[in-house]
Amino acid sequence: WGLLFLTAALALGRTAAARCPAPCICDNLRSHVLCLKGNLTAIPSTIPQLTKKLDLRGNSFTVIPVGAFLATPYLTHLDLQHCKVDKLEEGAFWGLGRLVYLNLASNSIAILYQESLDGLSSLQQLILEGNRIEEIQPGAFGRLGSLTVLDLRANALVYLPDMVFQGLQVLRWLRLSHNALHVLGSEAFTALPTLRRLSLDHNELQALPSEALARLDGATRLDLGHNPITYVPEEALAMASLKHLFLDHAALQDVAPDAFIRSPHLRTLDLRENQLQGLPPLAGVKGLVRVSLAGNPLLCSCFLRPFHDWLVRARVQVEGACAAPPALRGRPLDSLRPPEMRCSRLWPPPSPAAPSEQPKAASSGQCPRGCTCSPDFRHGSCENRDLREIPQGFPENTRLLDLRRNAFGTVPPGAFSGLKELVSLHLQSCGIEALRLGALRGLESLVYLYLTNNRLSTLVAAAFEGAPRLAYLNLDRNAFTHLPVGAFQFLPNLISLHLQHNAIRELVEGDLVGARGLRWLYLAENAIGHIAPSALAPAKMLEKLHLEGNRLAEVPTAALRGLPALSELKLSRNPIKHMGDGAFLPVASSLQHLYLDNMGLEQISPGAFAGLGPKIRSLYLESNKMSNIPNMSNFTGLEILNLRDVPFHCDCQLLPLRRWIDKLNLRVGATCGSPAEARGVTVKLSTTFQTCPGWGRGEAGGASPDKTKAARKPSKKKRSGKSPARGLKKSRA
């Protein structure tokens, strides 16, 4: 029996090896498959069935279809980072009941649908960092009962609806940093009984979301730094288990004495880099060990003496130094003696503004005939009912209203009257040609408005009047030939604007007047051939600018001036043939992701990338026509570099690039287009460089097949201390 089992195991191993997809590397001993940074556009169908770890980073899948992994039911780890995924179809992960780790970071996913993550009953870690997630539909996480870590950092979330995380019964860490959150439903964190850490730093919260946080009885750490919070009111945090609170780098001007009285176990309080001139003695925090006040303009006068005395009595360590009076400037708080803290003039502490009370839920009401209303989620839907008029009579506390795929034609004034709590409105594919004046009147809580795939060609400037909190506006696939001038003056909180797949020809001065808070502007697949130098100037906070698939003949360098926060620029599929010196100099200090692929680019001048350097994390130059590129040796922070399908001329002028690629631990895909004897050979393995002056013994590669083989397979000495997978990855770079 033992011999029979061994024979079967060997046969199975041979079968698995034989089925390894050509672009991939299979390690059958550890059941690992690596298909890194290739040009795959679909999930390989011949991956060995017993594979446990599948690494597909850096491919181009776009959509993960239904049942994409049914052939690999034993997977425990799946990595899909940087795969250009923009949609997870419902049922994409069916059959992966053993999966414990799923990484979908750095893709373009915009919406998490209700069944996008079904089938992942054993999943413990889900990484969705760095996507474009703007909305999470109710029930999206409902089948992830084993999840302990959910990472949603660096997305485009502005609102969290009630019960959005329902089903995450064992979640311990929820990461929501670096979004644009400024509205949280009072029940957003309900049904998270085991959550221990919540990261909400780097968002747009203007006040502590006290009601939402009160649901987190077991959380011990709360990160709220880098939010524009100005005041911590009385009993602001009712978190019974909270031990560590971070409110650093906010805009705090005052903290109420009993702000933390309902968080009795608080041990550390981080209030660094705020605008606090002082603090009162803090009540109810007998276990507090440390308070950090560094970077605040502390006025060490008699008004700070009660707080100082309290620190001494309670034996609380303090970090911070006096900013005034001049005699005490720079003195650490813990070095002061009470007699030194004198008052020479009246300094009344600022009176805090009263915290705004959240409105109570209105009555549930009835539901219009032919529609469905969910009182649990406050969700109403009349999708695809062939309606000619917008129905009336939805419950007044409705938060999400889905009216897609109807035939309204126009949206009349007051169409949604009475829906003061509505947050998300879906009007996609409704044949809408006009938004009448006052159409959104009364939608004072509206954050999301979807008008995709309609017939809009213009908008009345006051069409958005009455929806001051609107932050996400999707106008993709309409008939606009220019931006709706003047409309943004009524949208002071607009953060994300989608105008992709329209017919916009140019951006002119005044187009974005009023869009001072805009962060993400999506203008892909239009007909833009010109951008005026001042067209983007009003959007000084712009972080992402997508211009791919337009008709630009040159980099709009002048228009990039005045955008100090721009971190992502997409110019793919524009007919830019030549790139001149200093093309990206105006945004060199902030740019991190640059897309220049599929442009037919023929020449890049030596100074085109002037100013760019360690901050650049990803650079896409694939599918162009240039034969050389400038020196990029100072791009030391690169995580992605794509040089595929570029016909490099592999002569001595390319030797600096060849040496630089050799030092990178990245798979860049650079191949020679000429001379003839090197055509199709990777730049790294080409032997044409061996006749160049300065070619030394330490260079990789070789003239003979044996040397070429050696270049493909690192020696044992070089691979010592590294895992087989890492060695295989490096050998195929």
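This is a short tour of aromatic pairs, charges over rings, a loop residue and cavities in one structure. The model is predicted.

**Stop 1: a stacked pair of Phe rings**

The structure holds 11 aromatic pairs. Start by selecting Phe-141 and Phe-165. Their ring centres are 5.9 Å apart. The planes meet at 15°, under the 30 degrees that stacking allows, so this pair counts as stacked.

Now show the backbone around both rings. Phe-141 sits in the loop between strand 10 (135–136) and strand 11 (149–151). Phe-165 sits in the loop between strand 12 (159–160) and strand 13 (173–175). The two residues are 24 residues apart, and the pair links distant parts of the chain.

Are these rings buried or exposed? Phe-141 has 0% relative accessibility and counts as buried. Phe-165 is buried too, with a relative accessible area of 0%.

**Stop 2: a stacked pair of Tyr rings**

Next, select Tyr-595 and Tyr-620. Here the ring centres lie 4.3 Å apart and the planes are at 10°, so this pair is stacked. Tyr-595 belongs to strand 40 (residues 593–595), and Tyr-620 to strand 42 (residues 618–620). The pair therefore ties together parts that are 25 residues apart in sequence.

Check accessibility again. Tyr-595 counts as buried at 15%. Tyr-620 counts as buried at 8%.

Keep Tyr-595 on screen and add Lys-570. The charged end of Lys-570 sits over the ring of Tyr-595, 4.5 Å from its centre.

**Stop 3: another charge over a ring**

Select Arg-132 and Tyr-522. Arg-132 lies over the face of Tyr-522, at 4.6 Å from the ring centre.

**Stop 4: an aromatic cluster**

Select Tyr-159, Tyr-448, Tyr-450 and Tyr-472. These four form one aromatic cluster. Leave Tyr-159 selected for the next stop.

**Stop 5: the largest cavity**

How many cavities of 30 Å³ or more are there? The count comes to 3. The largest has a volume of about 150 Å³.

To find this largest cavity, select Ile-136, Pro-138, Tyr-159, Pro-161 and Leu-400. Of the 17 residues in its lining, these are the closest to its centre. Strand 10 and strand 12 each give two or more residues to the lining.

Colour the lining by class: 11 residues are nonpolar, 2 are polar and 4 are charged.

**Stop 6: an exposed loop residue**

Finish at Ser-45, in the loop between strand 2 (32–34) and strand 3 (53–55). Ser-45 counts as exposed, at 59% relative accessibility. Add Ala-68. Ser-45 and Ala-68 are 23 residues apart in sequence, with their C-alpha atoms 8.7 Å apart in space.

Methods
Residues are numbered from 1 along each chain as its sequence is written. This is a predicted model: local features need pLDDT of at least 70, side-chain atom pairs count only at pLDDT 80 or more; totals for chains, interfaces and linings use all residues. Side-chain values use heavy atoms; hydrogens and water are left out. Rings of Phe, Tyr and Trp (its six-membered ring) pair if their centres lie within 6.5 Å; planes under 30 degrees apart count as stacked, over 60 as edge-to-face and the rest as tilted. Helices (H or I, at least four residues) and strands (E, at least two) are DSSP runs, numbered from the N terminus. Buried means under 20% relative accessible area, exposed over 50%, partly exposed in between (1.4 Å probe, protein chains only). A charge sits over a ring if NZ of Lys or CZ of Arg is within 6 Å of the ring centre and within 35 degrees of the ring normal. On a 1 Å grid over the protein atoms alone, a cavity is a set of points where a 1.4 Å probe fits but cannot get out, and a pocket is an open set with protein on both sides within 12 Å along at least five of seven lines; lining residues have an atom within 4 Å of a point. Grid points are joined across faces, edges and corners, and a volume is the space filled by probe spheres set on the points. Ala, Val, Leu, Ile, Met, Phe, Trp, Tyr, Cys and Pro count as nonpolar, Asp, Glu, Lys and Arg as charged, and the others, Gly among them, as polar.
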